[in-house]
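Trainee: Could you take me through the aromatic pairs in this one, slowly? I'd like to see what sits against what, and what surrounds it.

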Amino acid sequence: MVVLVVATASDPASIGPAAAFLAMPGWSPGPPFAEGMESFTNGDVRLLKHERGIVDEDHLDHRWQEATGEVVSEVIFFSKHTAVSNRPALTVHPIGVPHLREDETPPQGGAPGWAAIPNPRIGPWLRLMQKVAAGQGLVPEFEITLEATHHGPVTNTPTMFLEIGSTEEYWGRQDAAQAIALVMWKGLGLEDGNAIGNWQRNGEKVLLGIGGGHYAPRHMDIVIKDGVWVGHLLSGYSLPMETPAQVNGKTCAVGGMWKHSIKVSYEATKAAFPEGEIIAHLDHKSFKGWQKNAITSYLQEQNIRVGKPNDFL
(Lines give C-alpha, C1' and ligand atoms only; values in the text may rest on other atoms or scores of the structure.)
Protein backbone atom coordinates (compact mmCIF):
# COMPACT_ATOMS: atom_id res chain seq x y z
CA MET A 1 0.00 0.00 0.00
CA VAL A 2 1.31 3.46 -0.90
CA VAL A 3 0.36 7.04 -0.05
CA LEU A 4 -0.20 9.13 -3.18
CA VAL A 5 0.70 12.82 -2.90
CA VAL A 6 -0.43 14.97 -5.84
CA ALA A 7 0.86 18.36 -6.97
CA THR A 8 0.42 20.45 -10.09
CA ALA A 9 3.01 22.67 -11.77
CA SER A 10 0.18 25.06 -12.72
CA ASP A 11 -0.22 26.25 -9.11
CA PRO A 12 2.58 27.89 -7.05
CA ALA A 13 0.92 26.81 -3.78
CA SER A 14 1.02 23.21 -5.02
CA ILE A 15 4.43 22.96 -6.69
CA GLY A 16 6.10 24.93 -3.85
CA PRO A 17 5.30 22.39 -1.10
CA ALA A 18 6.08 19.55 -3.54
CA ALA A 19 9.55 21.00 -4.21
CA ALA A 20 10.19 21.49 -0.47
CA PHE A 21 9.02 17.93 0.22
CA LEU A 22 11.23 16.51 -2.56
CA ALA A 23 14.22 18.42 -1.12
CA MET A 24 14.02 16.23 1.99
CA PRO A 25 16.11 13.01 2.14
CA GLY A 26 15.27 9.64 0.62
CA TRP A 27 13.60 10.45 -2.72
CA SER A 28 14.31 8.66 -5.99
CA PRO A 29 12.61 8.73 -9.42
CA GLY A 30 9.30 6.84 -9.44
CA PRO A 31 7.67 4.58 -12.02
CA PRO A 32 6.37 5.94 -15.33
CA PHE A 33 2.72 6.89 -15.05
CA ALA A 34 1.25 9.03 -17.82
CA GLU A 35 2.42 11.51 -20.43
CA GLY A 36 3.13 14.92 -18.92
CA MET A 37 3.33 13.47 -15.39
CA GLU A 38 6.39 12.76 -13.27
CA SER A 39 6.60 10.56 -10.17
CA PHE A 40 8.94 10.18 -7.21
CA THR A 41 9.22 7.56 -4.48
CA ASN A 42 10.29 7.62 -0.82
CA GLY A 43 9.52 4.51 1.24
CA ASP A 44 5.79 3.91 0.80
CA VAL A 45 5.14 7.51 -0.32
CA ARG A 46 4.65 8.40 -4.00
CA LEU A 47 4.62 12.00 -5.22
CA LEU A 48 2.96 12.65 -8.57
CA LYS A 49 3.36 15.92 -10.46
CA HIS A 50 1.09 16.89 -13.34
CA GLU A 51 0.40 20.12 -15.23
CA ARG A 52 -3.39 20.40 -15.25
CA GLY A 53 -5.63 22.04 -12.65
CA ILE A 54 -5.49 20.20 -9.31
CA VAL A 55 -9.23 19.34 -9.47
CA ASP A 56 -9.12 18.17 -13.10
CA GLU A 57 -7.53 14.71 -12.81
CA ASP A 58 -10.12 12.21 -11.53
CA HIS A 59 -9.46 8.69 -10.16
CA LEU A 60 -5.71 9.17 -9.80
CA ASP A 61 -5.64 6.49 -7.08
CA HIS A 62 -7.18 3.83 -9.35
CA ARG A 63 -5.11 5.00 -12.30
CA TRP A 64 -1.92 4.72 -10.25
CA GLN A 65 -2.77 1.13 -9.32
CA GLU A 66 -3.55 0.24 -12.93
CA ALA A 67 -0.25 1.72 -14.13
CA THR A 68 2.06 0.45 -11.37
CA GLY A 69 0.30 -2.43 -9.61
CA GLU A 70 0.62 -0.52 -6.31
CA VAL A 71 -2.56 -0.15 -4.24
CA VAL A 72 -3.13 3.42 -2.98
CA SER A 73 -4.20 3.70 0.67
CA GLU A 74 -4.83 7.49 0.70
CA VAL A 75 -4.45 10.60 -1.45
CA ILE A 76 -3.14 14.00 -0.33
CA PHE A 77 -3.32 17.03 -2.63
CA PHE A 78 -1.35 20.32 -2.45
CA SER A 79 -3.27 23.37 -3.63
CA LYS A 80 -3.79 27.10 -3.34
CA HIS A 81 -6.64 28.51 -1.28
CA THR A 82 -8.55 31.65 -2.20
CA ALA A 83 -10.65 33.73 0.18
CA VAL A 84 -12.51 37.02 0.01
CA SER A 85 -10.65 38.13 3.15
CA ASN A 86 -7.23 37.64 1.46
CA ARG A 87 -6.03 36.48 4.89
CA PRO A 88 -2.89 34.31 4.79
CA ALA A 89 -3.81 30.78 5.83
CA LEU A 90 -2.80 27.15 5.88
CA THR A 91 -5.85 24.92 5.58
CA VAL A 92 -6.82 21.25 5.57
CA HIS A 93 -10.13 19.78 4.44
CA PRO A 94 -12.10 16.84 3.04
CA ILE A 95 -13.54 17.00 -0.48
CA GLY A 96 -16.83 16.43 -2.25
CA VAL A 97 -19.90 18.18 -3.63
CA PRO A 98 -22.64 16.12 -1.96
CA HIS A 99 -25.23 18.90 -2.24
CA LEU A 100 -25.27 19.11 -6.05
CA ARG A 101 -28.07 17.52 -8.08
CA GLU A 102 -27.23 15.18 -10.95
CA ASP A 103 -28.14 17.88 -13.47
CA GLU A 104 -25.73 20.40 -11.92
CA THR A 105 -22.13 20.85 -13.05
CA PRO A 106 -19.61 21.06 -10.20
CA PRO A 107 -17.74 24.36 -10.55
CA GLN A 108 -14.46 22.93 -9.23
CA GLY A 109 -14.39 19.25 -10.08
CA GLY A 110 -15.91 16.23 -8.39
CA ALA A 111 -19.17 14.49 -9.30
CA PRO A 112 -22.64 15.80 -8.37
CA GLY A 113 -23.92 14.33 -5.11
CA TRP A 114 -20.56 12.70 -4.31
CA ALA A 115 -18.46 12.90 -1.14
CA ALA A 116 -14.94 11.47 -1.01
CA ILE A 117 -13.90 9.22 1.86
CA PRO A 118 -12.32 11.78 4.24
CA ASN A 119 -8.73 11.12 5.24
CA PRO A 120 -8.64 10.20 8.98
CA ARG A 121 -5.50 12.33 9.33
CA ILE A 122 -7.44 15.60 8.92
CA GLY A 123 -7.97 16.24 12.67
CA PRO A 124 -4.53 15.11 13.87
CA TRP A 125 -2.84 16.97 11.01
CA LEU A 126 -4.72 20.21 11.72
CA ARG A 127 -3.16 20.10 15.19
CA LEU A 128 0.23 19.12 13.75
CA MET A 129 -0.03 22.01 11.27
CA GLN A 130 -0.67 24.43 14.14
CA LYS A 131 2.50 23.24 15.92
CA VAL A 132 4.65 23.27 12.78
CA ALA A 133 3.40 26.72 11.68
CA ALA A 134 4.07 28.15 15.15
CA GLY A 135 7.54 26.58 15.15
CA GLN A 136 8.25 28.09 11.71
CA GLY A 137 7.18 31.57 12.87
CA LEU A 138 4.11 31.70 10.59
CA VAL A 139 1.67 32.31 13.45
CA PRO A 140 -0.07 34.73 14.00
CA GLU A 141 0.43 36.01 10.43
CA PHE A 142 -1.10 32.82 9.02
CA GLU A 143 -4.40 31.42 10.21
CA ILE A 144 -4.35 27.62 10.60
CA THR A 145 -7.81 26.29 9.92
CA LEU A 146 -10.14 23.58 8.71
CA GLU A 147 -12.31 24.20 5.69
CA ALA A 148 -15.67 22.65 4.99
CA THR A 149 -16.09 19.85 2.45
CA HIS A 150 -15.91 21.22 -1.11
CA HIS A 151 -14.65 20.63 -4.68
CA GLY A 152 -13.05 17.64 -6.44
CA PRO A 153 -11.38 15.76 -8.02
CA VAL A 154 -13.07 12.36 -7.75
CA THR A 155 -11.10 9.83 -5.68
CA ASN A 156 -11.91 6.40 -4.31
CA THR A 157 -9.68 6.26 -1.21
CA PRO A 158 -9.35 8.51 1.89
CA THR A 159 -8.50 12.00 0.67
CA MET A 160 -7.60 15.45 1.96
CA PHE A 161 -6.30 18.75 0.63
CA LEU A 162 -3.53 20.82 2.24
CA GLU A 163 -3.70 24.42 1.02
CA ILE A 164 -1.84 27.73 1.21
CA GLY A 165 -3.91 30.90 1.04
CA SER A 166 -5.13 33.28 0.18
CA THR A 167 -3.51 35.44 -2.54
CA GLU A 168 -0.64 35.22 -5.03
CA GLU A 169 1.61 36.96 -2.52
CA TYR A 170 1.29 33.97 -0.15
CA TRP A 171 0.86 31.06 -2.60
CA GLY A 172 4.54 31.26 -3.49
CA ARG A 173 5.83 31.86 0.04
CA GLN A 174 8.77 29.53 0.65
CA ASP A 175 8.23 29.43 4.43
CA ALA A 176 4.59 28.37 3.95
CA ALA A 177 5.67 25.68 1.44
CA GLN A 178 8.29 24.48 3.91
CA ALA A 179 5.67 24.25 6.68
CA ILE A 180 3.38 22.07 4.49
CA ALA A 181 6.36 19.86 3.56
CA LEU A 182 7.27 19.49 7.24
CA VAL A 183 3.70 18.48 8.10
CA MET A 184 4.00 15.78 5.42
CA TRP A 185 7.46 14.67 6.59
CA LYS A 186 6.37 14.30 10.20
CA GLY A 187 2.78 13.23 9.55
CA LEU A 188 3.65 10.35 7.22
CA GLY A 189 6.39 9.11 9.56
CA LEU A 190 9.26 9.85 7.17
CA GLU A 191 11.05 11.74 9.94
CA ASP A 192 11.17 8.99 12.59
CA GLY A 193 8.88 6.15 11.50
CA ASN A 194 6.01 7.37 13.67
CA ALA A 195 3.15 8.48 11.39
CA ILE A 196 0.50 10.79 12.85
CA GLY A 197 -3.22 10.20 12.38
CA ASN A 198 -3.38 6.48 11.62
CA TRP A 199 -6.87 5.22 12.52
CA GLN A 200 -6.65 2.22 14.85
CA ARG A 201 -10.25 0.87 14.66
CA ASN A 202 -10.66 1.25 18.42
CA GLY A 203 -14.22 2.53 18.54
CA GLU A 204 -13.31 6.18 19.13
CA LYS A 205 -15.76 9.00 18.40
CA VAL A 206 -15.61 10.88 15.11
CA LEU A 207 -17.12 14.33 14.50
CA LEU A 208 -19.38 14.85 11.48
CA GLY A 209 -19.82 18.61 11.23
CA ILE A 210 -23.21 19.95 10.15
CA GLY A 211 -23.87 23.65 9.59
CA GLY A 212 -21.91 26.85 10.01
CA GLY A 213 -19.63 28.78 7.69
CA HIS A 214 -16.88 27.65 5.36
CA TYR A 215 -14.20 27.67 8.08
CA ALA A 216 -16.34 25.63 10.47
CA PRO A 217 -15.54 27.69 13.59
CA ARG A 218 -17.86 25.80 15.99
CA HIS A 219 -16.48 22.47 14.80
CA MET A 220 -12.90 23.85 14.86
CA ASP A 221 -13.30 24.65 18.57
CA ILE A 222 -13.64 20.90 19.17
CA VAL A 223 -11.22 19.52 16.58
CA ILE A 224 -8.25 21.56 17.87
CA LYS A 225 -8.44 19.53 21.10
CA ASP A 226 -6.08 16.55 21.28
CA GLY A 227 -7.50 13.17 20.35
CA VAL A 228 -10.49 14.40 18.32
CA TRP A 229 -11.16 12.75 14.94
CA VAL A 230 -13.10 14.51 12.20
CA GLY A 231 -14.82 13.41 8.99
CA HIS A 232 -16.91 15.53 6.64
CA LEU A 233 -17.77 19.13 7.47
CA LEU A 234 -20.99 20.30 5.81
CA SER A 235 -21.34 24.07 5.83
CA GLY A 236 -24.65 25.81 5.22
CA TYR A 237 -24.09 25.94 1.44
CA SER A 238 -23.80 22.12 1.38
CA LEU A 239 -27.25 21.80 2.98
CA PRO A 240 -29.70 23.34 0.47
CA MET A 241 -33.10 23.46 2.20
CA GLU A 242 -36.28 24.74 0.57
CA THR A 243 -38.57 26.72 2.86
CA PRO A 244 -41.51 24.38 3.58
CA ALA A 245 -44.95 25.34 2.34
CA GLN A 246 -48.02 25.41 4.59
CA VAL A 247 -51.00 23.36 3.37
CA ASN A 248 -54.22 23.45 5.43
CA GLY A 249 -52.25 24.69 8.40
CA LYS A 250 -49.75 21.81 8.18
CA THR A 251 -46.06 22.24 7.33
CA CYS A 252 -44.93 20.22 4.31
CA ALA A 253 -41.67 18.29 4.13
CA VAL A 254 -38.48 20.30 3.64
CA GLY A 255 -37.21 19.82 0.08
CA GLY A 256 -33.69 20.23 -1.28
CA MET A 257 -30.51 18.16 -1.42
CA TRP A 258 -29.72 18.49 2.30
CA LYS A 259 -30.79 14.94 3.22
CA HIS A 260 -28.70 13.41 0.45
CA SER A 261 -25.75 15.59 1.44
CA ILE A 262 -25.91 14.39 5.06
CA LYS A 263 -26.46 10.76 4.08
CA VAL A 264 -23.53 10.39 1.67
CA SER A 265 -21.20 12.40 3.92
CA TYR A 266 -22.12 10.19 6.88
CA GLU A 267 -21.56 7.04 4.82
CA ALA A 268 -18.19 8.29 3.53
CA THR A 269 -17.12 9.23 7.07
CA LYS A 270 -18.18 5.78 8.29
CA ALA A 271 -16.06 4.20 5.53
CA ALA A 272 -13.06 6.30 6.63
CA PHE A 273 -13.36 5.24 10.27
CA PRO A 274 -14.34 1.55 10.41
CA GLU A 275 -15.61 0.60 13.90
CA GLY A 276 -15.66 4.28 14.90
CA GLU A 277 -18.71 6.00 16.39
CA ILE A 278 -19.75 8.76 13.99
CA ILE A 279 -21.47 11.58 15.90
CA ALA A 280 -23.05 14.63 14.29
CA HIS A 281 -22.11 18.01 15.72
CA LEU A 282 -24.49 20.83 14.77
CA ASP A 283 -23.67 24.52 14.61
CA HIS A 284 -27.06 25.31 16.14
CA LYS A 285 -26.85 29.09 15.77
CA SER A 286 -26.37 28.82 12.02
CA PHE A 287 -29.86 27.34 11.50
CA LYS A 288 -33.37 28.75 11.65
CA GLY A 289 -35.73 26.83 13.91
CA TRP A 290 -37.47 24.91 11.11
CA GLN A 291 -34.09 23.94 9.62
CA LYS A 292 -32.74 22.64 12.91
CA ASN A 293 -35.95 20.68 13.56
CA ALA A 294 -35.83 19.09 10.11
CA ILE A 295 -32.15 18.14 10.44
CA THR A 296 -32.42 16.70 13.96
CA SER A 297 -35.52 14.70 12.94
CA TYR A 298 -33.69 13.30 9.91
CA LEU A 299 -30.61 12.39 11.97
CA GLN A 300 -32.89 10.58 14.42
CA GLU A 301 -34.53 8.67 11.54
CA GLN A 302 -31.08 7.63 10.30
CA ASN A 303 -29.95 6.60 13.81
CA ILE A 304 -27.15 9.17 13.71
CA ARG A 305 -26.35 10.38 17.20
CA VAL A 306 -26.14 14.15 17.80
CA GLY A 307 -23.39 15.16 20.21
CA LYS A 308 -22.41 18.17 22.29
CA PRO A 309 -18.81 19.45 22.42
CA ASN A 310 -17.97 17.47 25.57
CA ASP A 311 -19.07 14.22 23.90
CA PHE A 312 -15.98 14.34 21.67
CA LEU A 313 -13.38 15.04 24.34
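Mentor: Let's settle one term before we start: a residue is called buried when its relative accessible area is under 20%. Keep in mind, too, that this is a predicted model.

Now the rings. Searching the whole structure turns up 8 aromatic pairs. Take Phe77 and Phe161: the ring centres are 4.7 Å apart and the planes meet at 20 degrees, so this pair is stacked. Phe77 belongs to strand β5 and Phe161 to strand β8, so the pair ties together parts 84 residues apart in sequence. By the cut-off above, both Phe77 and Phe161 are buried.

Trp229 and Phe273 give you another geometry: they are edge-to-face, with 6.0 Å from centre to centre and 70 degrees between the planes. Here Trp229 sits in strand β10, while Phe273 is in the loop between α7 (258-272) and β13, so parts 44 residues apart in sequence are tied together. Trp229 has 9% relative accessibility, so it counts as buried, and Phe273 is buried with a relative accessible area of 0%. Add Trp199 and you have one aromatic cluster made of Trp199, Trp229 and Phe273.

Look at the strand that carries Trp229. In β10 (residues 229-234), 6 of the 6 residues are buried, so the strand is largely enclosed by the rest of the structure. β10 pairs with strand β9 (residues 205-210) in the parallel sense, over 4 bridges, and Gly209 stands opposite Leu233 of β10. Helix α6 (residues 217-223) joins these two strands in a right-handed β-α-β unit.

Back to β5 and β8 for a moment, since both also border helix α1. The buried residues of α1 pack against β5 (72-82) and β8 (159-166), as well as β1 (2-8), β4 (45-50), α4 (168-171) and α5 (174-187). In α1 (residues 12-22), the buried residues are Ala13, Ser14, Gly16, Pro17, Ala18, Ala20 and Phe21. Asp11 caps the N-terminal end of that helix, with a side-chain oxygen 2.8 Å from the backbone nitrogen of Ala13.

One more ring deserves a look, though its partner is a charge: Lys80 lies over the face of Trp171, 4.6 Å from the ring centre.

Finally, there's Phe287, in the loop between β13 (277-282) and α8 (289-301). Its relative accessibility is 12%, so Phe287 counts as buried. Leaving aside residues up to four places away in sequence, Phe287 touches Ile210, Gly211, Leu239, Leu282, Lys292 and Ile295.

Notes
Residues are numbered from 1 along each chain as its sequence is written. This is a predicted model: local features need pLDDT of at least 70, side-chain atom pairs count only at pLDDT 80 or more; totals for chains, interfaces and linings use all residues. Side-chain values use heavy atoms; hydrogens and water are left out. Buried means under 20% relative accessible area, exposed over 50%, partly exposed in between (1.4 Å probe, protein chains only). Contact means heavy atoms within 4.5 Å. Two strands pair if DSSP finds at least two bridges between them. A crossover is right-handed if, with the strands pointing away from the viewer, the path from the first strand over the helix to the second runs clockwise. A polar contact is a pair of N or O atoms within 3.5 Å; within protein, one must be able to donate a hydrogen and the other to accept it, and residues adjacent in sequence count only if both atoms are side-chain atoms. Rings of Phe, Tyr and Trp (its six-membered ring) pair if their centres lie within 6.5 Å; planes under 30 degrees apart count as stacked, over 60 as edge-to-face and the rest as tilted. A charge sits over a ring if NZ of Lys or CZ of Arg is within 6 Å of the ring centre and within 35 degrees of the ring normal.
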